[in-house]
Amino acid sequence: MASSDPDSKNLHLDQPPLGFAHQSALRPRIDYSSPGLFFRSLGDRWKSIWTKQFIFSFFAGQLVSLCITCTTVTTQELVIRNLSLPTMQNNLLYLSLLLTYTPYTIYKYGFKGWGKLILRDGWKYFILAASDVEGNFLVVKAYSYTDLLSCMLLDAWAIPICLFFSWVYMRVRYHWTQLLGVLICIGGLGMLVASDVITGKNWEAISKGKGDAFMIAGATLYGFTNATEEFFVRKRPLYEVVGQLGLYGFIINGIQASALEHDLIKNGNWNGTTGGLLVAYTAAMFILYSVAPLLYRSASSAYFNLSLLSSDFYGLLFGLFLFQFRPYWLYFISFAVVIVGLVTYFWSSAPEEQGILDPQAPAYIRGEQDESKDVEQGIIDPEAPAYTGTTKGEADEEQDASKDGESDVVS
């Protein structure tokens, strides 16, 4: 996202500078002095892109894109079987995150430390979870009111929102090739939308204005949530952030589901098939919510959002095998365009330079942990009187001075 100063000689990959420059220190320069040197330097630049971190980021992005496709397919299957529970089915996700990551947080911090985390930083995670819950809810509601064309186009609104909040939190500035990569990916999305319209997958909107408003609001919350979670996971351990998201998400989403879907849950078409679909949905979402923070660290939340644009292509693959869809040729071109955009995004700025990565437990917990270790190792005697900042020699001098003062008073 942000590239470093080309004159910098001491580049720390774990804590790169956030300043903007036209040339990354991790990317070889393009030499325009002659055709031979130009193509040679172009090859060197291409090779420099394919680092382990970029390869991980690229495939992690495609994994979360595939997970999004799985959740879409399972949700459609539940609707076909007369079980539409968009809020409740996410509650199973938040519960799984809570049960997986919160016990490990308590193990690392202790109950007392975890309690301090709730009291001091709980409000931050509450806002994060509320934004995530309501973003999911609004996007699902939007599909009920507006048409597919609007949903697909307006959902991309999360990308500029994410870029903006990344700038707000981390003051990053983007290389022009990164903005070009964003435009190329959105161009691929446009081809996907055109493919859906041409193949007749669009539907008539019930209330286009209301649905579009829901989609814009939901996409805004998505972008805010992604950038905020990236900001958190770059400073705090993953288990803390995801565990807190699961805790507050479970509470908020549970209250909302009980209020809005109580009758649907009670009278729903429950059987082995619908139960299996819910398990599959929860598993896909669990993988997505677990991998996404890793992608935020290895690349950025903006790259995460760009990667999701390829999910419709994977939806086509599901349709080929499950519903015998006939593929339209533009789908394949649009997928290739999105992939080109994802590579272009890191053409001049490396994943290693996307932000400072220094995850640590909160200072108020680290202090307690250090003191506890000192007590266990015998460095500090827990029954010893507190240190007052006075050495034994200083104490003797103070005592002598006190006696002299008393004798002066008596005399």
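Which residues does glutamine 62 touch, not counting residues up to four places away in sequence? The tour returns to that residue after a look at the whole chain, and throughout it should be kept in mind that the model is a predicted one.

**The whole chain**

With the entire chain displayed as a cartoon, you will find 15 helices and zero strands. Of its 411 residues, 45% count as buried, and the chain exposes about 20,700 Å², of which carbon and sulfur atoms supply 64%. If you display contacts between residues at least 6 apart in sequence, 85% of them join residues that are at least 24 apart.

**Colouring by confidence**

Next, colour the chain by pLDDT, which averages 82, with 80% of the residues scoring at least 70. Select residues 1-23, where pLDDT stays under 50 although the model has 74 contacts beyond four places in sequence for this segment. Then select residues 386-392, another segment over which pLDDT stays under 50, and for which the model has three contacts beyond four places in sequence. Where pLDDT is low, the predicted coordinates should not be read in detail.

**Glutamine 62 in helix α2**

Now select helix α2, which covers residues 52-80, and find glutamine 62 within this helix. Displaying the surroundings of glutamine 62 answers the opening question: leaving aside residues up to four places away in sequence, glutamine 62 touches Ser307, Ser310, Tyr314, Phe335, Ile339 and Leu342. With serine 310 there is also a polar contact, side chain to side chain, at 2.9 Å. Glutamine 62 itself is buried, its relative accessible area being 7%.

**Cysteines 67 and 70**

Select cysteine 67 and cysteine 70 next, and show their sulfur atoms. Why is there no bond between the sulfur of cysteine 67 and the closest cysteine sulfur? The closest cysteine sulfur to that of cysteine 67 belongs to cysteine 70 and lies 6.0 Å away, which is too far for a bond, since a disulfide requires the two sulfur atoms to be within 2.5 Å. Seen from cysteine 70, the closest cysteine sulfur is likewise that of cysteine 67, at 6.0 Å. The two side chains can also be described by their accessibility: cysteine 67 is buried, with a relative accessible area of 6%, whereas cysteine 70 is partly exposed, at 24%. A search of the whole structure finds zero disulfides.

**Salt bridges**

Turn then to the charged side chains, among which a search of the whole structure finds five salt bridges. Begin with arginine 81 and glutamate 77, which form a salt bridge whose closest N and O atoms are 2.5 Å apart. In this pair, arginine 81 is partly exposed, with a relative accessible area of 29%, while glutamate 77 is buried, with 15%.

Move on to helix α3, which spans residues 86-145 and holds both aspartate 121 and lysine 124, three residues apart, or about one turn of the helix. These two residues form a salt bridge, the closest N and O atoms being 3.5 Å apart. Lysine 124 is partly exposed at 30% relative accessibility, and aspartate 121 is buried at 6%.

Keep aspartate 121 selected and add arginine 236, for the side chains of these two residues meet in a salt bridge as well, at 3.0 Å from N to O. This pair links distant parts of the chain, 115 residues apart, with aspartate 121 in helix α3 and arginine 236 in the loop between α7 (208-233) and α8 (238-260). Arginine 236 counts as buried, at 16% relative accessibility. To see the wider arrangement, add Glu240 to the selection: salt bridges that share partners join Asp121, Lys124, Arg236 and Glu240 into one network.

**Threonine 282 in helix α10**

For the last stop, select helix α10, residues 272-298, and locate threonine 282 within this helix. Is threonine 282 buried or exposed? At 12% relative accessibility, threonine 282 counts as buried. Displaying its neighbours, without those up to four places away in sequence, brings up Gln89, Leu92, Leu93 and Ser96, which threonine 282 touches.

How values were computed:
Residues numbered from 1 in each chain as written. Heavy atoms only, no water. Helix = DSSP H or I, 4+ residues; strand = E, 2+ residues; numbered from the N terminus. Buried < 20%, exposed > 50% of the residue type's maximum accessible area, 1.4 Å probe, protein only. Contact = heavy atoms within 4.5 Å. Areas by Shrake-Rupley, 256 points an atom, 1.4 Å probe, with all protein chains shown as cover. pLDDT = per-residue confidence, 0-100. Polar contact = N/O pair within 3.5 Å; in protein donor to acceptor, adjacent residues only side chain to side chain. Salt bridge = Lys/Arg side-chain N within 4 Å of Asp/Glu carboxyl O.
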